[in-house]
Amino acid sequence: MAMQIDIDNGGTLTDVCVISGKNIFHAKSLTTPYDLSECFVSALRSASQQVYGEEDLERLLRETDHLRYSTTEGTNRIVQRDGPRLGLILSKGIKTRELQVGGSSEELFEMLVGDRVRHVDPSQKPTTFEKNVVAAVNELMAQGSNRLVVSLGGHNSNNARDDEQLVKDIVLRRYPRHLLGAVPVLFSREMVNHEDNVRRTWTGLLNAFLHLGMERFLYNAENILRARHVRKPMLIYGNDGTSKRVAKTVALKTLGSGPRGGSEGGRALARHYGLKRCLTLDVGGTTADIGVIEAHDIPEQRRGSIEGIPISLSLPQVTSIGVGGSSVMRAKGKKLTIGPDSVGSTPGPACFARGGTQATITDANLLIGLIDAKSYSGGTVQLDAARAEQAIKEQIAEPLSLSLDAALNEMVQTFEQAVADGIKTQVKKVADVSLLAYGGAGPMNACGIAGILGVKNVIVPRLASVFSAFGMGFSDIAHTYSAPLESVNAKHFKAAMDAVREEAERGMFAEGYALTDCQLEFELEYGIGGKDQSTQVKNQGKPPKLPKGASNINLRLSVHKDIPGCSLEELKPKRKTMKAKATGKRKILGDDGERADLPVYRVEDMKPGSSGEGPAIVEEAFFTCRVPAGWSFTADENLNIQLRSAA
């Protein structure tokens, strides 16, 4: 049977989810930041072990129909400011200070571009213009630019796309691609053809900054699959919830793709349970990603921002805070702080025994007793309690004049409060909100976080540890194309429609599908009084009536091709609940500073309807959930764990 594989590459762990009919297998591997190809293959090997009972990577890939992949590589490069030096070519009269629009724009522009900026004037005679373009390119390359970005025109510049095409023609003619002296150039209007000069220029700059590193790794991963005769090209999952080939992927669209997968899984569960409002909490090793599902919809910024810098592409409304399982906790004076810096998987928390010496919440949860040192991460990582204890004593307990146990509880309270504060920035009213907790560290303290917020219902998916990878399984292969309209009349609308249809036909052919087998949706965008508005035109051959004064008119065509993926079992009539059977006990440090033996319930041993009361531990091979006193749990038809507070 053909299988689907979804991989979510995080900063600390790489998750993989394999869908084979109604069967879902999952596995994890430590992320290897020095070479992402290593953890990519390692995760697939671990998955093959789960599927076949023995490692057989070649067979797994032979039997795979589609492989979707998301990565934090782009996000990490922006955070770490790790990328090429860029040169920027602007139209005469456009000042670089116009691009310094708040957030990190001034600092990031200085790091990306600095003084590597030149201006050209397309209104000059062709020979003069070509001479000045060549001079600009030569000067920027001599200054050390690795890549160039061309962004011409400002607001209401009707000929700017043609001007960029003139520059492209000159560059290709004077620096042909077959020569070693060829110059890599990104033309802003080939990415996004609209007239907001600031957004369009920053979109080009950030994408050019990410492009080379992403290209190298993703093509390397695809070559690994091709060498093993995978039937179809690897698909890259984007932050718009769709997938496409590496060759058709925009580097900037990979930012936040992992959290978007979790949001898609959250939307599926919200529909499944009929939840009107749902908070999503994905706690990994580096960050806690917080989102909202409203009326089964994932809120998006039509034109998003990165570190406060406006861009032209849409982004999901997900807030990431530097609070994760590997975030560094330290004493500052008499106060305990967490993050935003993280030790990731290398060197990792002190208990990983990989050279890390910083205290983290993972070290604390190990010493509290929540984490089993031998079974952590499916038994693939053996934890060292002695190293965790040394780190916490030296960096937390002694500086704060606390006993070890008091320091552990203080660390938990600090962690839970930090995540709760992050959630409060997203949602002001939590009445009737369900908290969907996932990620390797999400379920661990979910009930404690919910208690701070006053949330009484928590859902921990059975696949919580790989939930973002699971959510990727709901995606289609999709592309979006756009064309500007010269004016609003039937002739020009038809010309624009024909243009985007032709682009869409070529694009989907490259994906291996005919346009006639895809779903098409048109959307007409326009601005009035300087404010963007839009109206949808679904499969219509005529433009809508636009208000007077419409400007910046743009036709968009979205093309989707459904591919098999995840599904949820239908909810059956309410089952009779039964008491879950504990598989053992574990001595856990309580809030009162005392240690007590608590029952441990394994999700793998539960049946639909299995239930129990806190205090207890519910765990699966790759996640652990603490059920405090006053909370109860029940496993549903899909073995998702529903937790409810009696308070």
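**Close-up views of a predicted model**

**View 1. Strand β21 meets β33.** V460 stands opposite I641 in β33. This pair is a good place to start in what is a predicted model. Strand β21 covers residues 457–460, and β33 covers residues 641–645. The two strands pair in the antiparallel sense, with four bridges between them.

**View 2. The two sides of β21.** Which residues point one way from β21, and which the other? N457 and I459 share one direction, while V458 and V460 take the other. Whichever way they point, all of these residues are buried. As a general background note, side chains in a regular strand alternate between the two faces of the sheet.

**View 3. From β20 over α13 to β21.** Here we turn to another partner of β21, strand β20 (residues 434–438), which runs parallel to β21 and is joined to it by three bridges. Within this pairing, S434 of chain position 434 has N457 as its bridge partner in β21. Helix α13 (residues 446–453) completes the picture: β20, α13 and β21 make a β-α-β unit, and its hand is right-handed.

**View 4. H272 and its polar contact.** H272 lies in helix α9, which spans residues 257–273. Is H272 buried or exposed? Its relative accessibility is 17%, so H272 counts as buried, the cut-off being under 20%. The H272 side chain makes a polar contact with the side chain of N638, at 3.2 Å.

**View 5. The long axis of helix α8.** Helix α8 takes in residues 197–227, which is 31 residues. At 1.5 Å a residue it should span 45 Å, and the C-alpha atoms at its ends are 43 Å apart, so the two values agree. Along the way, α8 bends by about 40 degrees at H211. After the helix comes H229, with a positive phi near 65 degrees.

**View 6. Cysteines without a disulfide.** How many disulfides does the structure hold? The count is zero. Why does C351 not bond to C625? The sulfur of C625 is the closest cysteine sulfur to that of C351, yet it is 19 Å away, so a bond is ruled out as too far; a disulfide needs the sulfur atoms within 2.5 Å. C351 is also buried, with a relative accessible area of 0%. Another cysteine, C518, counts as buried too, at 12% relative accessibility.

Note on methods. Residues are numbered from 1 along each chain as its sequence is written. This is a predicted model: local features need pLDDT of at least 70, side-chain atom pairs count only at pLDDT 80 or more; totals for chains, interfaces and linings use all residues. Side-chain values use heavy atoms; hydrogens and water are left out. The expected span of a helix is 1.5 Å times one less than its number of residues. The bend at a residue is the angle between axes fitted to the seven residues ending there and the seven starting there. Buried means under 20% relative accessible area, exposed over 50%, partly exposed in between (1.4 Å probe, protein chains only). Two strands pair if DSSP finds at least two bridges between them. A crossover is right-handed if, with the strands pointing away from the viewer, the path from the first strand over the helix to the second runs clockwise. A polar contact is a pair of N or O atoms within 3.5 Å; within protein, one must be able to donate a hydrogen and the other to accept it, and residues adjacent in sequence count only if both atoms are side-chain atoms.
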